[in-house]
Amino acid sequence: MSVAEPLRRPFGLRVGTAAAAKPAARPVARPRPRLVLVAPARPAAGRIPFVILLGVVLVGGLLLLLMLHTLAAQDGFTINKLQQRLTTLTDTEQGLEQQVQADSGPAALRARASALGMLPSTVAAYHKLHGGRAIGIQQPVYSPPPVTAPVSTTTTTSTSAHAASTSTKSAGKATKSKSAAAPKSATTASSGTTTATTTHHRSGRHHHGATAKQ
Amino acid sequence: MVLSVIAGRLIQLQGIDRSAYAASATDQRLHTLTLPATRGTITDRDGTPLAETVNADDVVADPSEITDVAPVATALAPVLNIGSAQLTAALSVTGRYALLAHAVQPAVADRVDALKLPGITTVATSKRIYPDGSLASNVLGFVNSVGQGRGGIELGYQKQLAGHNGIEHFQVSANGVPIPDGENVIRAAVPGSDIRLTIQRDIQYEAQRAIAAQVSATHADSGTVIMMNPTNGQIVAMAIAPGFDPNNLARANPNDIGNPAVTDVYEPGSVNKIITMSAALQDKLDTPTSPFVIPPVLVDAGSAFHDAETHGTEHLTLTGILAYSSNIGAIEVSKQLGQQRMYHFLRAYGFGSVTGVGLPGEQQGLLPPVSKWSGTTLPTVSFGQGIGVTAIQVASVYATIANGGVRVTPTIVAGMTGPNGRYTPAPPPVRHRVISAHVAKDLRDMMEAVISEQGTAPEAAIPGYRIAGKTGTADRPNGHGGYAGYTATFVGMAPADNPKLVCEVVLQNPRSGHFGGQVAAPVFKTVTSFALRTLGIAPTFTKPPKAKLRW
């Protein structure tokens with residue numbers, strides 16, 4: 001807007017030629033509106049601050065973009081690093097699991113139990129929970145020397161533990177591998193007793209033949 | 001003038017050839033990667049892995065970057081456990097790629113990386129391993145070099161185990177390094193389902209150990225043990241000797257990598273007499289004490305039939321015929337039955353069709369229709385010659401009798417765990433009644449006499465338990481229309497009055513001893529007594545019935 005343009009007419013006032021051309025139409029003489037000097041429009045602002053503003057916006061935007069990119073890249077690197085760590089840990093886990101499987105597999109257990117002089121039991125004895133009577137066939141796998149552990153007459157859960165502790169006494173280190181060698185027997189009533197009644201420690205090396213002949 | 005040339009070129013590049021250049025730029029930047037789906041694990045019934053896929057690394061070389069081969073080979077040899085001469089040869093090829101070791105353990109790959117050898121890198125891959133080696137290998141099968149099932153469960157359930165590979169697009173910078181921000185997974189990989197078998201690992205091991213020992217002791221060609229739970233048809237153990245180690249397929253004998261328990265068709269011999277007996281009882285033609293006169297030789301349809309041991313004229317009951325395994329007695333029973341009824345029962349017990357156990361390559365055996373039977377077919381079939389069966393079919397017959405006369409389709413897959421982690425049990429097996437519960441009980445009582453001192457298999461007896469079973473000593477076809485060697489079988493169940501386990505032992509062509517009661521029954525005893533202990537199956541503490549074998 002420039003000063004050369006006609007002034008805005010105040011509402012309800014007629015100013016100008018049209019009004020002046022028909023003076024006779026004026027029913028009542030009205031006072032002539034007072035003309036007020038309007039302040040001139042502000043001169044255009046200097047360009048320098050605007051350029052600075054643009055510059056700030058530009059630099060700020062660039063910095064923000066750079067920061068976002070850096071963060072994204074950083075996340076990318078973190079993901080990469082964590083993925084590598086995950087792989088390493090998975091490798092370790094799988095390696096350990098394989099080792100556990102190799103050591104707990106039936107073939108390995110049998111070999112280790114044999115090395116400890118243990119024999120697989122050939123029979124299982126069962127306990128009647130009412131009356132605590134041992135039933136079923138109880139016989140040693142290998143006769144001499146007769147280091148038979150006492151037959152437990154306690155009930156289900158304590159039987160396995162008792163069997164384990166008695167075989168500890170008679171077979172030393174054998175406990176762990178024997179209890180692992182018959183993992184399922186712990187679930188049944190008294191096959192743990194079988195462990196106690198039929199496990200013997202001996203130094204002989206004829207167990208393979210003895211087993212086959214049973 | 002110059003400006004217009006430049007402008008023309010600009011228009012050509014940006015306007016006309018634009019899409020082609022943009023595409024080639026994208027191609028340079030964008031790489032597509034297949035995300036391999038992890039193959040499912042196969043476990044035993046308790047969840048112990050029998051086959052699983054683990055991380056591994058290939059060790060590869062870029063021979064063009066290696067100037068001095070000898071020190072590299074010397075450094076790698078102890079780590080890879082490969083001879084340095086072999087490595088030197090592998091590194092001396094021209095070109096930019098040489099595979100030095102396939103799928104080594106990650107720990108080994110780490111040690112290779114730690115050496116920081118020029119031109120040597122490790123590339124991540126995966127590997128199928130069988131933690132227990134040859135354990136259940138004939139059931140599990142094996143995979144080929146690209147990890148696809150090529151035998152056993154690995155082949156039969158290839159689709160479920162394999163899963164679906166995924167696809168990933170990612171952008172790389174000019175020097176080939178992936179731009180971290182640019183990853184874009186189009187489709188994630190869906191891992192394969194885990195398969196849970198009905199096999200029990202410890203019993204499987206014991207069965208394999210026992211049958212392998214007996215195969216070598218009797219100098220047999222091969223041996224099979226099948227143990228089943230008759231009540232639900234689940235196979236507890238399926239052992240084959242000689243077996244193989246799927247971890248080291250290159251060293252396996254190609255003849256040993258199948259599963260003869262379902263593919264090997266043989267003549268069953270006397271174990272088939274139980275079908276003859278059950279038909280006679282079910283059709284109410286006989287009772288266990290029905291009297292029979294057994295002549296030393298029986299001439300029927302122009303052929304002379306003998307028993308395994310020469311004897312005079314014997315007066316045996318039906319139970320006696322089974323206990324002594326008299327061929328002539330079985331022929332007499334079959335003549336009461338007739339061809340049609342005999343055929344009906346053979347079919348009803350599952351002969352002549354696959355059992356549906358779900359193992360690849362299962363055979364249906366050889367059971368010609370009655371229209372093709374000759375005059376000698378009925379008497380021959382009555383004692384188990386002249387028809388072809390598989391070991392799993394015979395096991396299923398005895399499981400039917402153990403299960404009160406109801407045949408349950410044998411199953412070896414207990415269920416599957418899908419990619420969503422949810423376990424779905426296998427659909428319940430098909431059941432149908434073959435004989436009445438009463439007849440099944442009579443047959444079990446009769447089979448207890450087989451285990452007695454008078455019977456053919458006292459060696460199958462397990463102290464404290466009631467055992468029922470039947471021996472078989474069949475002539476083995478030599479493939480040229482004649483016979484050579486024997487098939488020795490024992491199939492039994494325990495406890496006889498409430499069977500929880502059925503165990504079948506088959507030895508093909510044993511040369512040191514050949515009677516089923518002599519070579520197969522001891523294996524039955526070893527494996528079954530182990531399984532009874534392992535599964536905690538208590539004796540029933542009942543008295544076996546007094547068997548009347550003669551009259």
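1. Secondary structure of chain A. In this predicted model, chain A contains seven helices and two strands. Along the sequence the elements run α-α-α-β-β-α-α-α-α. Of the 214 residues in chain A, 20% are buried. Where contacts in chain A link residues at least 6 apart in sequence, 66% of them join residues at least 24 apart.

2. Confidence in chain A. The mean pLDDT of chain A is 64, and 47% of the residues score at least 70. Helix α3 (residues 106-115) of chain A has the highest confidence in the chain, at 92, and helix α7 (residues 207-213) of chain A has the lowest, at a mean of 34. Two stretches should be read with this in mind. Over residues 9-22 of chain A, pLDDT stays under 50, and the model gives this stretch four contacts beyond four places in sequence. Over residues 151-214 of chain A, pLDDT also stays under 50, but here the model has 125 contacts beyond four places in sequence. Helix α7 of chain A, at residues 207-213, falls within that second stretch, residues 151-214.

3. Helix α2 of chain A. This helix covers residues 47-104, which is 58 residues. At 1.5 Å a residue the expected span is 86 Å, and the C-alpha atoms at its ends are 83 Å apart, so the two values agree. α2(A) is hardly covered, with one buried residue among its 58.

4. Domains of chain B. Chain B is divided into domain 1 (32-62 + 93-197) and domain 2 (201-534). Their C-alpha centres are 42 Å apart. The contact between them takes 27 residues from domain 1 of chain B and 26 residues from domain 2 of chain B. On the domain 1 side, the elements giving two or more residues are α6 (137-140), α7 (152-156) and β10 (194-197) of chain B. That side of domain 1 of chain B has 12 nonpolar, 11 polar and four charged residues.

5. Nonpolar core. What is the size of the largest nonpolar core, and which residues have the most contacts inside it? The core has 149 residues, and Val225(B) and Met227(B) have the most contacts inside it. At least three residues come from each of domain 1 (32-62 + 93-197) and domain 2 (201-534) of chain B. Nonpolar side chains tend to be buried together in soluble globular proteins. Setting aside residues up to four places away in sequence, Met227(B) touches Ile203(B), Ala207(B), Val236(B), Ala237(B), Leu501(B), Cys503(B), Val527(B) and Ala531(B).

6. Thr263(B). This residue belongs to helix α10 (residues 260-263) of chain B. Is Thr263(B) buried, exposed or partly exposed? Thr263(B) has 16 other C-beta atoms within 10 Å, so it is partly exposed; the buried class would need 20 or more, and the exposed class 12 or fewer. Its contacts, not counting residues up to four places away in sequence, are Gly258(B), Gly361(B), Glu362(B) and Gln363(B). From Thr263(B) to Pro360(B) the separation is 97 residues in sequence and 8.7 Å in space, C-alpha to C-alpha.

7. Cis peptide bonds in chain B. The bond from Ala241(B) to Pro242(B) is cis, with omega near -5°. Pro242(B) sits in the loop between β12 (234-241) and α10 of chain B. The bond from Ala494(B) to Pro495(B) is cis as well, with omega near -20°. Pro495(B) sits in the loop between β22 (483-494) and β23 (501-508) of chain B.

8. Positive phi in chain B. Lys116(B), a residue other than glycine, has a positive phi, near 50°. Lys116(B) lies in the loop between α5 (106-115) and β5 (120-129) of chain B. Because 8 other C-beta atoms lie within 10 Å, Lys116(B) is exposed. Phe541(B), also other than glycine, has phi near 55°. Phe541(B) is in the segment after α18 (516-534) of chain B. Phe541(B) has 14 C-beta neighbours inside 10 Å and therefore counts as partly exposed.

How values were computed. Residues numbered from 1 in each chain as written. Chains lettered and ligands numbered in written order. Predicted model: local features only at pLDDT ≥ 70, side-chain atom pairs only at ≥ 80, totals over all residues. Helix = DSSP H or I, 4+ residues; strand = E, 2+ residues; numbered from the N terminus. Contact = placed C-beta atoms within 7 Å. pLDDT = per-residue confidence, 0-100. Domains from an automatic or database assignment. Nonpolar A, V, L, I, M, F, W, Y, C, P; charged D, E, K, R; others polar. Expected span 1.5 Å × (residues − 1). Core = buried A, V, L, I, M, F, W, Y, C linked by C-beta atoms within 7 Å.
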